[in-house]
Amino acid sequence: MNKLMQWISIVSLTLFLSAPAMAEGLLMARTDNQFPEAMTLLQSAISSHGYKITRLQEVNENLARRHFKSDMYRVVYFGKYDEIKQVTAKYPDLIPFLPLSITIFAEGDQAILVASHPRMLEAFFPDPSLKPIFEHWENDMVSIMDEVRESK
């Protein structure tokens, strides 16, 4: 019984200590623009970086069905067709992670943007030839979020 308690303690401690590191896997930005303006700025920033928006997913209706009060809430999916086609042809396991996405939601008179950090994929796909692609996606996503955050 003592060994079981030690094992449970070690597993619990490991999970507790690793939890804050998981939050580091996100890119976040807050803008003083209200949601409609921020959404327009986000779409413009994505396009100006050479990406095509592939889908806008409304999340409000699903949240409302579960009795969750939400202001505006969208997921914007985007990518570069040729880039995605080339990467997934060589690495089909990347398909579930593409296209890239940024979630945008209203918080009062501001909007918040959140995205999974593209460099987190390096843990699952350690091939050195993918590192420049993940870095490129990271730089573009940070730039897109900065553009929205800094726009007035």
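This passage describes the sheet, the nonpolar core and a salt-bridge network of the structure shown above, which is a predicted model.

The sheet makes a convenient starting point. Five strands form an open sheet in the order 1-5-4-3-2, and their pairing is antiparallel. Strand 1 and strand 2 (52-58) lie at the edges, each pairing on one side only. From one strand to the next, the twist averages 20 degrees. Helix 5 packs on this sheet, where it touches strand 1, strand 3 (73-79), strand 4 (100-107) and strand 5, and the helix direction makes about 15 degrees with that of strand 1.

A closer look at strand 1 (residues 26-31) is rewarding. Side chains in a regular strand alternate between the two faces of the sheet. Here, the covered face of strand 1 carries Leu27, Ala29 and Thr31, while Leu26, Met28 and Arg30 belong to the uncovered face. The neighbour of this edge strand is strand 5 (residues 110-116), which runs antiparallel to strand 1 and is joined to it by six bridges. Among the residues involved, Met28 has Val114 of strand 5 as its bridge partner.

The interior can be followed from the same elements. The largest nonpolar core holds 31 residues, and those touching the most other members are Leu42, Phe78, Leu94, Ile102, Ile104, Leu113 and Ile144. At least two residues of this core come from each of strand 1, helix 2 (35-48), strand 3, strand 4, strand 5 and helix 5. Leu113 offers a good view of these surroundings: leaving aside residues up to four places away in sequence, Leu113 touches Leu27, Met28, Ala29, Leu42, Ile102, Thr103, Ile104, Met145 and Val148.

Charged side chains add a further set of links. Side chains of opposite charge can pair when their charged atoms come close. The model contains six salt bridges, and Arg119 takes part in several of them. With Glu122, Arg119 forms a salt bridge with an N to O distance of 2.7 Å. Glu122 is partly exposed, at 24% relative accessibility, and Arg119 is likewise partly exposed, at 27%.

Arg119 also forms a salt bridge with Glu135, with the closest N and O atoms 4.0 Å apart. Because Arg119 lies in the loop between strand 5 and helix 5 (131-150) and Glu135 in helix 5, this pair ties together parts that are 16 residues apart in sequence. Glu135 has a relative accessibility of 28% and so counts as partly exposed.

A salt bridge to Glu138, at 3.1 Å from N to O, involves Arg119 as well. This pair too links distant parts of the chain, with Arg119 in the loop between strand 5 and helix 5 and Glu138 in helix 5, 19 residues apart. Glu138 has a relative accessibility of 16% and therefore counts as buried, the cut-off being under 20%. Through shared partners, the salt bridges join Arg119, Glu122, Glu135 and Glu138 into one network.

How values were computed. Residues numbered from 1 in each chain as written. Predicted model: local features only at pLDDT ≥ 70, side-chain atom pairs only at ≥ 80, totals over all residues. Heavy atoms only, no water. Buried < 20%, exposed > 50% of the residue type's maximum accessible area, 1.4 Å probe, protein only. Helix = DSSP H or I, 4+ residues; strand = E, 2+ residues; numbered from the N terminus. Pairing = 2+ DSSP bridges. Salt bridge = Lys/Arg side-chain N within 4 Å of Asp/Glu carboxyl O. Axes fitted to C-alpha atoms, helices over the stretch in contact; angles between N-to-C directions. Contact = heavy atoms within 4.5 Å. Core = buried A, V, L, I, M, F, W, Y, C linked by side-chain atoms within 4.5 Å.
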